[in-house]
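Morning, everyone. I have one structure to show today, and I'll keep it brief. Have a look at it first.

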Amino acid sequence: MPALDNFPCRPLRDSEFARIRKLAYDTFGLDLKAGKETLVSTRLAREIHRSGCTTFDQYYRRVVEDPTGESLINLIDALTTNHTAFFREPQHFDFLRSRFLPEQAGRGNIDIWSAACSSGEEPYSIAMCLLDELGAASKQRVRILATDISTRVLSKAARGAYPAERFDGVSPHQLRAHLLRGEGRWAGWYRVKKDVRDMVEFRRLNLMEPPAQLGPFGLIFCRNVMIYFDKPTQQRVVQRLTGYLSPGGYLFTGHSESLTGIEHGLTYVLPAIYRKPSFASRER
Ligand SMILES: C[S@@+](CC[C@H](N)C(=O)[O-])C[C@H]1O[C@@H](n2cnc3c(N)ncnc32)[C@H](O)[C@@H]1O
């Protein structure tokens, strides 16, 4: 490791914090509020150390000039948390089983988007749920798009292998049905079975720059990412997501994320569940 000067040991200067703040906002929509300097400093210090840079300026230049975009991704990984879990916020999965899927009976394909999917636990939970409820037919009928800005988490997601303790929220039936227990050097790990993995398409996507060609989706999970955005950014993201929903489609947000104060054309259904009005019926 290179000499670290005094950088990792000292908090960011105001001007340095301001530069990172602007970069994170412009690129990812991240709202690093004043008062977060210490947190940002600590996380960045670790990242700078890892990157081999010795000064803030050197690090900053590398991030903005890196043609691969990898350094920017490492920066966002350092500034956000990728925390996730299988069947996190189980009310959403209850709703998926008890209301969303029965409503799809007799209809065509089911398109679901896990926006900000992190390391894959969320879209794989959705896939397992659909396989349990619809059986093997779901493989033909269901398309799950899972996106995140971070290529690091996406490569973990695509591998679909996790240490056993990550499966605390998964029932013994689901463990048997959808996971393979690792052996040898993979002892203590499970891998999501291929038929479940095949139901999910992973793709890199920055919610600040969504492509025009996407959707429509009957259901969008956009959970625990909007907490990083300020209100104007949340407003833009929710409006765009609404545009990607089919009429009558649902948006799930994280339970700690409220759409209060945001203008949207969605109907409140239950905590963290919103619905786009359908053409045919007026939603209550
Ligand atoms: C806390 S995780 C949420 C994972 C999952 N949705 C859940 O609720 O368990 C937040 C994820 O948002 C991603 N993220 C942050 N900013 C983003 C952006 N502008 N576009 C897409 N993904 C973003 C991060 O890389 C991270 O994986």
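**Two domains and a sheet**

Start with the spacing: the centres of domain 1 and domain 2, taken over C-alpha atoms, are 29 Å apart. Keep in mind that this is a predicted model. Domain 1 covers residues 7-79. Domain 2 covers 90-275.

How many residues of each domain are in contact with the other? On the domain 1 side there are 7, and they touch 11 residues of domain 2. Which element gives the largest share of the domain 1 side? That is helix α4, residues 70-79, with 3 residues. By class, the domain 1 side has 4 nonpolar residues, 1 polar and 2 charged.

Stay with α4 for a moment. Helix α4 also packs against α2, which spans residues 37-51. The angle is about 145°, and the axes lie 9 Å apart. The crossing of these two helices is right-handed. Now the residues. From α2 we have Val40, Arg43, Leu44, Arg46, Glu47 and Ser51. They meet Ser71, Asn74, Leu75, Ala78 and Leu79 in α4. What is the mix of classes in this contact? There are 5 nonpolar, 3 polar and 3 charged residues.

On to the sheet. It is open and has 7 strands. Read across, the order is β6-β2-β1-β7-β8-β10-β9, and the pairing is mixed. Why do β6 and β9 each have one side without a neighbour in the sheet? Both stand at the edges, β6 at 200-204 and β9 at 267-270, and each has a single partner strand, so one side of each is left free of a neighbour there. From one strand to the next, the twist averages 20°.

Look at the β6 end in detail. Strand β2, residues 142-148, runs parallel to β6. The two are joined by 5 bridges. One pair to pick out on screen: Asp148 has Arg204 in β6 as its bridge partner.

Last, the ligand. Which residues come nearest to it? Of the 24 residues around the ligand, the nearest are Thr84, Ala116, Ser118, Ile149 and Leu207. And the shell as a whole? The shell divides into 9 nonpolar, 11 polar and 4 charged residues.

To recap, then. Helix α4 packs with α2 and supplies the largest share of the domain 1 side that touches domain 2. The sheet has β6 and β9 at its edges. Around the ligand there are 24 residues. Over to you for questions.

Terms used:
Residues numbered from 1 in each chain as written. Predicted model: local features only at pLDDT ≥ 70, side-chain atom pairs only at ≥ 80, totals over all residues. Near = placed C-beta within 6 Å. Nonpolar A, V, L, I, M, F, W, Y, C, P; charged D, E, K, R; others polar. Domains from an automatic or database assignment. Contact = placed C-beta atoms within 7 Å. Helix = DSSP H or I, 4+ residues; strand = E, 2+ residues; numbered from the N terminus. Axes fitted to C-alpha atoms, helices over the stretch in contact; angles between N-to-C directions. Left-handed = near helix turned anticlockwise from the far one by under 90°. Pairing = 2+ DSSP bridges.
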